[in-house]
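Reader: Please choose one part of this model and take me through its surroundings with care, contact by contact. I would like the values kept beside each statement, and the account carried outward from that part to whatever it connects with.

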Amino acid sequence: MSEQVSHRQLSGRIVIATHNAGKLREMRELLQPFGIEAVSAGELSLPEPEETGDTFIANALIKARASAMAVNLPAFADDSGLCVDALGGYPGIYSARWAKDAGDFVKAMTNIERLMQAKGATEPAQRKAHFVSALALVWPDGHEETFEEKVFGTIEEPRGQSGFGYDPFFRPEGHERTFGEMDSQEKHGIPADGSQALSHRARAFQLLARACLRNDA
Ligand code: IMP
């Protein structure tokens, strides 16, 4: 017997639980067609909770719970990262920390490249990676919804100035350009026919929208 999953519909005003300007822009773009009014945790000067979870979903829930409780509104959080096969999936949930510790994303990627070279990951087939996005919706009464998706690709020489974070180093499978060379619409890559989007975040958002925004479109 198949399990009946009941999802809660999201409407009205929400808080986007992020202080990351690149993510905030993308999350607002994804919500925009659904008429959701969103203010961010950064704009409300909410403190950033410590991300102590050991999965993307756990960390997304930590962020969304903190914002939902602080402002008494439904909260929407993304926890994401770059997982490099040759490094056993690192930096993964530590993607932001690696960049912070290195000083910036170029330095973080230089460190990642050095580690990949040390593993002999020089050929494209050895340079595979994926981005993960875990999205969490948390309501002030404690109801929670989570969604996770990935996009697979290859680590390359940095190209492009668009996007944020590790975008210039990642070329998604089946595409010529890195995420850093794509404008955000191309990176989201949401087809009009409802088939799968391109970016990890847009793919996870498609799951969220089907479950929790269907009636609000
Ligand atoms: P966190 O989810 O706030 O812990 O941080 C995720 C880290 O991965 C940040 O350093 C982001 O810049 C990076 N990241 C997540 N998604 C993307 C993306 O779509 N493009 C580039 N970097 C990303």
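**From a strand residue to the ligand and beyond**

Author: Setting aside residues within four places in sequence, the contacts of Ser133 are Asp78, Asp79, Ser80, Phe147, Glu148, Glu149, His200, Arg201 and Ala204. What follows concerns a predicted model, and each value below should be read in that light. Ser133 belongs to strand E4, and it counts as buried because its relative accessible area is 0%. Among its contacts, Asp78 deserves separate mention, since the side chains of Ser133 and Asp78 make a polar contact at 2.8 Å.

Two other contacts of Ser133, namely Asp79 and Ser80, lead directly to the ligand. Asp79 places a polar side-chain atom 3.1 Å from a ligand oxygen, whereas Ser80 approaches an oxygen atom of the ligand with a backbone N or O atom, at 3.0 Å. On the nitrogen side of the ligand, a polar backbone atom of Tyr166 lies 3.1 Å from one of the ligand's nitrogen atoms. Of the 490 Å² of accessible area that the ligand has on its own, the protein covers 95%. The surroundings of the ligand comprise 18 residues, of which the closest are Lys23, Ser80, Asp167, Lys187 and Arg201; Ser80 and Arg201 have already appeared as contacts of Ser133.

The charged residues of this region call for a closer reading. As a general matter, side chains of opposite charge can pair when their charged atoms come close. The structure holds 18 salt bridges, and one of them joins the side chains of Glu26 and Lys187 at 2.8 Å, N to O. Because Glu26 sits in helix H1 and Lys187 in helix H5 (residues 184-188), this pair ties together parts of the chain that are 161 residues apart in sequence. Both partners, Glu26 and Lys187, are buried. A further salt bridge pairs the side chains of Arg159 and Glu156, with 3.0 Å from N to O; here Arg159 counts as partly exposed because its relative accessibility is 26%, while Glu156 counts as buried because its value is 18%. Elsewhere, salt bridges with shared partners connect Lys23, Glu26, Asp78, Asp167, Lys187 and Arg201 in one network. That network brings the account back to its starting point, for Asp78 and Arg201 are members of it and are also in contact with Ser133.

Strand E4 also leads to helix H2, since E4 is one of the elements against which the buried residues of H2 pack, together with strand E1 (13-16), helix H1 (21-31), strand E3 (75-84) and strand E5 (144-155). Those buried residues are Phe56, Asn59, Ala60, Leu61, Lys63, Ala64, Ser67 and Ala68. Helix H2 itself runs over residues 56-71, 16 residues in total, and its first and last C-alpha atoms are 23 Å apart, close to the 22 Å expected at 1.5 Å a residue.

Several residues of H2 meet Ala17, which is placed in the loop between E1 and H1. Leaving out residues up to four places away in sequence, Ala17 touches Lys63, Ala64 and Ser67, and also Ala41, Phe76 and Ala77. Ala17 counts as buried because its relative accessibility is 5%.

Strand E1 is involved in a salt bridge as well: the side chains of Arg13 and Glu37 meet at 3.3 Å, N to O. Arg13 lies in strand E1 and Glu37 in strand E2 (residues 37-40), and the pair links distant parts of the chain, 24 residues apart. Arg13 counts as partly exposed because its relative accessibility is 41%.

Backbone geometry completes the account. Most residues other than glycine have a negative phi, and most peptide bonds are trans. Asn72, just after H2, has a positive phi of about 60°; it is found in the loop between H2 and E3 and counts as exposed because its relative accessibility is 60%. Ser45, also not a glycine, has a positive phi of about 55°; it lies in the loop between E2 and H2 and is exposed, its relative accessible area being 62%. Finally, the peptide bond joining Tyr90 and Pro91 is cis, with omega about 0°, and Pro91 is placed in the loop between E3 and helix H3 (95-102).

Terms used:
Residues numbered from 1 in each chain as written. Predicted model: local features only at pLDDT ≥ 70, side-chain atom pairs only at ≥ 80, totals over all residues. Heavy atoms only, no water. Helix = DSSP H or I, 4+ residues; strand = E, 2+ residues; numbered from the N terminus. Expected span 1.5 Å × (residues − 1). Buried < 20%, exposed > 50% of the residue type's maximum accessible area, 1.4 Å probe, protein only. Contact = heavy atoms within 4.5 Å. Near = heavy atom within 4 Å. Polar contact = N/O pair within 3.5 Å; in protein donor to acceptor, adjacent residues only side chain to side chain. Areas by Shrake-Rupley, 256 points an atom, 1.4 Å probe, with all protein chains shown as cover. Salt bridge = Lys/Arg side-chain N within 4 Å of Asp/Glu carboxyl O.
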